[in-house]
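Trainee: Could you walk me through the pockets and ligands in this one? I'd like to see how you reason from the coordinates.

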Amino acid sequence: MENLKKTILQNTIPNHVAIIMDGNGRWAKQQGKPRTFGHKKGVDSVRAIIEASVEIGVNYLTLYAFSTENWNRPKLEVRTLMSLLVSSLRKELKTFVDNDIKLLTIGDLSHLPKKVQKELTEVIEKTKNNKTLTLTLALNYGARDEIVNVIKKISKKVVNNQLSIEEINEKIINNHLYTFSLPDVDFLIRTSGEKRISNFLLWQVAYAEFYFTTVLWPDFKEENYYKSILEYQKRERRFGKTSEQIEKNINE
Ligand code: IPE
Ligand code: IPE
Ligand code: MG
């Protein structure tokens, strides 16, 4: 694994990695255990990937932890996910402080249990000046909900004459997204073999590289992460240009 890490470090590290952490339920089922057991194990992978991100110098890590659609799961599962969130935040606060990690959230927090909101507010406040890694948790997040909110916020400004229709551009839209303070996603990983976006960061992944692996989230550890980054480093990101332009670093 050390060799794997060394190879990575010689190349470009994605500035912003986003992960759809999927497969906890199937992982638990394979062990003959309840789904909630998979979520508990999944927390260990979260810790491992945060540490690995700091290690290789990823600046922004965004994790899909609970979607707007996940409320439709059985009540016990939703409750377990919420209490896991509270206990993990309590446990990890020291790690965040010691490793200069700043916590942010995206999504509509107002519908989360009060206990979760309180814990989040505390950790966000205590880590707000940290710089090494910005860790963003997507909680009660849905990209369509986010876009609806953007339209409402911008419309209000137009109605109140704070903004004209002509002034609306991509930058203005960006500034009203939950992710207003984050750069575009460079690399999107989804575990568990599903090849879909499931309402995650639709606007922000416009030019991201996608990586799908069949590894289930509780099995996704440093080594799997480093391998995915190596794969990212083999891609040529052209942003509409030609290969020749990219190779020669020219605009004509
Ligand atoms: C991802 O694992 C965790 C959350 C969505 C909260 P799943 O719980 O979706 O696991 P599978 O997809 O059922 O295996
Ligand atoms: C996406 O996973 C949401 C999170 C990882 C939090 P799901 O397991 O809920 O996605 P679908 O419903 O199978 O697409
Ligand atoms: Mg799933």
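What follows is a chat about the pockets, the ligands and the cavity of this predicted model.

Trainee: Let's start with the open space. What volume does the largest pocket have?

Mentor: Begin with who sits in it: the space taken by ligand 1 is the largest pocket, and the space taken by ligand 2 is the largest pocket too. Its lining counts 39 residues. As for the volume of the largest pocket, put it at about 840 Å³.

Trainee: Which element gives the largest share of the lining of the largest pocket?

Mentor: Several elements supply at least two residues each, namely α2 (24-30), α3 (35-56), β2, α4 (75-98) and β4 (133-141). Nearest the centre of the pocket you find Met21, Tyr64, Ala65, Phe66 and Leu81. The largest share of the lining is nine residues, and these come from α4.

Trainee: And by class, how many residues in that lining are nonpolar, polar and charged?

Mentor: Take the 39 lining residues and sort them. Charged residues number nine and polar ones 11, which leaves the nonpolar group at 19.

Trainee: Now ligand 1. Which residues come nearest to ligand 1?

Mentor: There are 13 residues around ligand 1. By class, that shell holds three nonpolar, five polar and five charged residues. The ones that come nearest are Asp22, Gly25, Arg26, Arg35 and Arg73.

Trainee: How much of the area that ligand 1 exposes when taken alone does the protein bury?

Mentor: Look at the polar contacts on the way. The side chain of aspartate 22 puts an N or O atom 2.8 Å from an oxygen atom of ligand 1, while backbone N or O atoms lie 3.1 Å from a ligand oxygen at asparagine 24 and 2.7 Å from one at arginine 26. Taken alone, ligand 1 exposes 380 Å², and the share of this that the protein buries is 86%.

Trainee: Which element makes the largest contribution to the shell around ligand 1?

Mentor: The backbone contact at arginine 26 is at 2.7 Å from an oxygen of ligand 1. Elements giving two or more residues to this shell are α2, α3 and α4. Three residues make up the largest share, and they come from α2.

Trainee: On to ligand 2. Which residues surround ligand 2, and how do they split by class?

Mentor: Going along the chain, ligand 2 is surrounded by Ile20, Met21, Asp22, Tyr64, Ala65, Phe66, Asn70, Arg73, Arg190, Arg196 and Ser198. Sorted by class, this shell comes to five nonpolar, two polar and four charged residues.

Trainee: What percentage of the exposed area of ligand 2 does the protein bury?

Mentor: Contacts with ligand oxygens come from side chains here: a polar atom of asparagine 70 lies 2.9 Å away, an N or O atom of arginine 196 is at 2.6 Å, and a polar atom of serine 198 is at 2.6 Å. Ligand 2 taken alone exposes 390 Å², and the part buried by the protein is 78%.

Trainee: Which strand gives the largest share of the shell around ligand 2?

Mentor: Tyr64, Ala65 and Phe66 are among the residues surrounding ligand 2. The largest share of the shell is three residues, and the strand they come from, spanning residues 60-67, is β2.

Trainee: How much space lies in the second largest pocket?

Mentor: Its lining is Glu170, Lys171, Asn174, Asp184, Trp203, Gln204, Ala206 and Tyr207. By class these are three nonpolar, two polar and three charged residues. The space in the second largest pocket is about 160 Å³.

Trainee: Last one, the closed space. Which element gives the most to the lining of the largest cavity?

Mentor: Searching the whole structure turns up one cavity of 30 Å³ or more, and the volume of the largest cavity is about 30 Å³. Arg47, Ile50, Glu51, Val54, Thr95, Asn99 and Ile101 line the cavity, split into three nonpolar, two polar and two charged residues. Four of the lining residues come from the element that gives the most, α3.

Conventions
Residues are numbered from 1 along each chain as its sequence is written. Chains are lettered from A and ligands numbered from 1 in the order in which they are written. This is a predicted model: local features need pLDDT of at least 70, side-chain atom pairs count only at pLDDT 80 or more; totals for chains, interfaces and linings use all residues. Side-chain values use heavy atoms; hydrogens and water are left out. A residue is near a molecule or strand if one of its heavy atoms lies within 4 Å of it. A polar contact is a pair of N or O atoms within 3.5 Å; within protein, one must be able to donate a hydrogen and the other to accept it, and residues adjacent in sequence count only if both atoms are side-chain atoms. Accessible areas come from the Shrake-Rupley method with a 1.4 Å probe; for residues, only the protein chains shown count as cover. On a 1 Å grid over the protein atoms alone, a cavity is a set of points where a 1.4 Å probe fits but cannot get out, and a pocket is an open set with protein on both sides within 12 Å along at least five of seven lines; lining residues have an atom within 4 Å of a point. A molecule sits in a cavity or pocket if more than half of its atoms lie within 2 Å of its grid points. Ala, Val, Leu, Ile, Met, Phe, Trp, Tyr, Cys and Pro count as nonpolar, Asp, Glu, Lys and Arg as charged, and the others, Gly among them, as polar. Grid points are joined across faces, edges and corners, and a volume is the space filled by probe spheres set on the points.
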